[in-house]
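Colleague: I should be grateful for a close look at the sheet of this model and at what packs around it. Please state the criteria behind each term.

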Amino acid sequence: MTDLFDNKFRIPSTRATWHSYNGGVYFVTLCTKDKRKCLGVIIDKSESSSYDNTQNSLSPLWQPEMILSEAGIIVERHIKEISIHCSYVEVPLYAVMPNHLHLIIMINGGEASCNRNLLSQVLRGFKSGVTREMRMKNIAFEWQSRFYDRIVRNQDELDAIGVYIRNNVAKWHLDKENL
């Protein structure tokens, strides 16, 4: 049996059917359309590049830094403003990368009695706000239509995700998709 909507194939939701998404802690990844590297670049702040390709590891001298483009600056400002627009949401940690971003999003109930998915609502508002500003400034920009999310189930998992986000810039050159 095919899953159609308006006679078009519809991709089934990846959301957990046992969770309402109206409260909790989430690890979220949003990508630019076609993973276009338009949010900035990662540079080596050290005097000479010390990425060791043969060892597939980073030298202690490797000092990566994410330099945000104008689009990246807009994205970062909108991340910082999420809690202003949604008082029940906190974003305690995030990383803006050249073609994606990672966020830890904490939803503290808010409209918990509603039947909507607050995580999707928050991200839809964020993505549309960023897109609207990019268009006003004539910056060519699009989001990938979907996003990745993971329900964070305990403190150990949250700690591991935090380490991953904080080290994302340093490990950029180890990811074959980003070379």
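Modeller: The account below begins with the sheet and then turns to the helices, the cores and one polar residue.

The model is predicted, so local features need pLDDT of at least 70 and side-chain atom pairs count only at pLDDT 80 or more, while totals for chains, interfaces and linings use all residues. Residues are numbered from 1 along each chain as its sequence is written, and side-chain values use heavy atoms, with hydrogens and water left out.

Four strands form an open sheet in the order β8-β9-β3-β10, with antiparallel pairing. Strands here are DSSP runs of E with at least two residues, helices are runs of H or I with at least four, and both are numbered from the N terminus; two strands pair if DSSP finds at least two bridges between them. Because β8 and β10 (148-151) each have a single partner strand, they stand at the edges, and one side of each is left without a neighbour in the sheet. Neighbouring strands are turned by 15 degrees against each other on average, direction ignored. The antiparallel pairing of β8 with β9 extends over 6 bridges, and V96 has L101 in β9 as its bridge partner.

Two helices lie across β3, β8, β9 and β10: α2 runs at about 35 degrees to β3, and α3 at about 150 degrees to β9. These angles, from 0 to 180 degrees, lie between the N-to-C directions of axes fitted to C-alpha atoms, for helices over the stretch in contact.

The largest nonpolar core has 31 residues, and V28, L30, V75, V89, L101, I105 and F126 touch the most other members. Such a core is a set of buried Ala, Val, Leu, Ile, Met, Phe, Trp, Tyr and Cys residues joined through side-chain atoms within 4.5 Å; buried means under 20% relative accessible area, exposed over 50%, and partly exposed in between, with a 1.4 Å probe and protein chains only. The largest share of this core, 7 residues, comes from α2. Beyond its neighbours within four places in sequence, F126 is in contact (heavy atoms within 4.5 Å) with residues including L30, V75, L101 and W143. A second, separate core of 9 residues includes I104, M106, V152 and I161.

N168 lies in the segment after α3 (155-166) and counts as buried because its relative accessibility is 8%. Outside its neighbours within four places in sequence, N168 is in contact with M97, H100 and H102. The side chains of N168 and H102 are joined by a polar contact of 3.3 Å. A polar contact is a pair of N or O atoms within 3.5 Å; within protein, one must be able to donate a hydrogen and the other to accept it, and residues adjacent in sequence count only if both atoms are side-chain atoms.
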